[in-house]
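Hello,

Here is the structure I promised to pass on to you. Have a look at it first, and then read on for what turned up in it.

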Amino acid sequence: MNINKCFKFALISIRKDLFSSIFKIIQITVAFIILAYIIKELGLQRKALNLINGVMDNKEIYILREESFGAEDNPFNDNRREDAEQLLNMILNQKISVIQNERQIHTEENEYISLVGVTADFFNDYDISVDLSKEEIDEYFSNEKIKICDMKGSTIPVIAGADLKKNHKIGDVLEDYEINYKIIGFAKKDSAYIMPFQDYYTQTVDDCIIYPYFFDLNDDRAINTLFYSCFFKGSSYREIEKIIDFNNEKHLFNLSIKNYSQQLKNTKITYANNMALYGFFGVALLIFSLIGMTSTMLNRIIDNLFEYSVNLLCGATMKDIYRRVTFEFLIIFVLGVAVTGAVYKFSISSLIVAMIAMLCYLAMRLYLSKMIKFETLVENMSKE
């Protein structure tokens, strides 16, 4: 029996018991969609875990927190400005890492592009590959304390996310108000970072521009933004205490030091537990779906044993019987995989589901070949 005839009989079988077939199609499709979601979440959890490991790098991490929650009493607005600038210099002179993602630019092409201001270690911490050498990154992405008004007409070198390659190329200059952003390289696709001092979720830079972080002295909110955008990795606790002591002496901000390393360790445990939980539910869901499919397959075999026996006596082989029985389920699997691919835009998670579906289908055929023997079918026919 050729493959075309197998598909023909499979379609006839599906149409003959349409309600049950539709139910099985929905069942396996939902199972595949949920499985793809679980695989996607596992990937995100794993990526976040790797990013946290990159940030920690076996070092103690400290952050400053302003406990006034954005109070309007900003030292840059009064006669304490000189002390506030000295405090700022003490912070910027430490080994700090900064990720600031609260800005956007509006280009002449009517694009709104998010900006991510970073220090040079950003690329190494998050393993982000760009078309620049380490020396060039260190040169372009050094900490600076600059006023926006002093940058009028200047051009800032930036790294663009991979998705911006669609409309831009290296050397393009994006204008936004009085500052120009010149693209000097692109980051690899799916580059992402995590801000452990704010949340636990990865954020992609595929559609962003990465610019060298600078501090705007004219922005009243800039100092508070700095507290929530920087962390100390490599500075001793005593060095940071000196900053707090100076701040308290001058009565500038309501600052405190937080040791974020232990919280990151707890976060890693949470991610590991989440991955185990997702994995368990994914495997359980697939097993139950396969049990249901296999049960349906065996029931249909039992219902059609006499017909299969006649097929054998008329010249069909056991391979033909296996094909005829399993092609119906192959169609259901293919439909489920196709819908899952459409939902997840044929991403890696949907491709993994397709591979799992193929393995499951082959396992079902192997199980069928062990369960159904020629002698069993002939014996059943003789009893009829």
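Let me start with a small puzzle: is Lys95 buried or exposed? Lys95 has a relative accessibility of 57%, so it counts as exposed. Please keep in mind throughout that this is a predicted model.

Lys95 sits in the loop between α3 (81–92) and β2. Leaving aside residues up to four places away in sequence, Lys95 touches Phe231, Phe232, Lys233, Gly234 and Ser235. Cys230 is 135 residues away from Lys95 along the chain, yet their C-alpha atoms are separated by 10.0 Å.

**The chain as a whole**

The protein chain has 384 residues, and buried residues make up 47% of them. It holds 12 helices and 13 strands. Among contacts with a separation of 6 or more, 79% are between residues 24 or more positions apart.

**The nonpolar cores**

The largest nonpolar core has 26 residues, and the members that touch the most others are Phe122, Phe123 and Ile159. Several elements each supply at least two residues of this core: α2 (18–56), β3 (112–118), α4 (121–125), β8 (192–194) and β10 (208–212). A second, separate core has 24 residues, including Val98, Phe246, Leu252 and Leu255.

Ile159 is a good residue to click on if you want to see the largest core from within. Not counting residues up to four places away in sequence, Ile159 touches Phe123, Val130, Leu132 and Phe141. Its partners also include Ile184, Gly185, Phe186 and Ala187, along with Cys208, Ile209 and Ile210.

**Aromatic rings**

How many aromatic pairs does the structure hold? There are 7. In one of them, the ring centres of Phe122 and Phe123 are 5.5 Å apart and the planes meet at 85°, so this pair is edge-to-face. Phe122 and Phe123 are both buried. They also belong to one aromatic cluster, together with Tyr126, Phe141 and Tyr193.

**Empty space: a pocket and a cavity**

The largest pocket has a volume of about 580 Å³. It is lined by 18 residues, and the closest to its centre are Lys40, Leu44, Lys47, Asp190 and Ser347. At least two lining residues come from each of α2, β9 (202–204) and α11 (348–371). Which element gives the largest share of this lining? It is α2, with 5 residues. By class, the pocket lining divides into 6 nonpolar, 7 polar and 5 charged residues.

There is also 1 cavity of 30 Å³ or more, with a volume of about 40 Å³. Its lining consists of Ser97, Val98, Ile99, Thr119, Asp121, Phe122, Asp125, Tyr126 and Phe231. Some of these names will be familiar by now: Val98 is in the second core, Phe122 is in the largest core, and Phe231 is one of the residues that Lys95 touches. Both β2 (96–106) and α4 supply at least two residues of the cavity lining. Sorted by class, the lining has 5 nonpolar, 2 polar and 2 charged residues.

Asp121, from that lining, has a C-alpha atom 8.1 Å from that of Asp138, and the two are 17 residues apart in sequence. Asp138 is in helix α5 (residues 134–140). With a relative accessible area of 36%, Asp138 is partly exposed.

**Two backbone details**

Two residues deserve a look at their backbone angles. Asp190, which is one of the residues closest to the centre of the largest pocket, has a positive phi of about 65° although it is not a glycine. Asp190 lies in the loop between β7 (179–186) and β8. Is Asp190 buried, exposed or partly exposed? Its relative accessible area is 48%, and it is partly exposed.

The other one is His251, again not a glycine, with a positive phi of about 55°. You will find His251 in the loop between α7 (237–250) and β13 (255–259). His251 has 61% relative accessibility, so it counts as exposed.

Enjoy exploring it, and write back with any questions.

Best wishes

Definitions and conventions. Residues numbered from 1 in each chain as written. Predicted model: local features only at pLDDT ≥ 70, side-chain atom pairs only at ≥ 80, totals over all residues. Heavy atoms only, no water. Core = buried A, V, L, I, M, F, W, Y, C linked by side-chain atoms within 4.5 Å. Buried < 20%, exposed > 50% of the residue type's maximum accessible area, 1.4 Å probe, protein only. Helix = DSSP H or I, 4+ residues; strand = E, 2+ residues; numbered from the N terminus. Contact = heavy atoms within 4.5 Å. Phe/Tyr/Trp six-rings, centres within 6.5 Å; stacked < 30°, edge-to-face > 60°. 1 Å grid on protein atoms, 1.4 Å probe; cavity = no way out; pocket = protein on both sides within 12 Å on 5 of 7 lines; lining within 4 Å. Points joined across faces, edges and corners; volume = space filled by probe spheres on them. Nonpolar A, V, L, I, M, F, W, Y, C, P; charged D, E, K, R; others polar.
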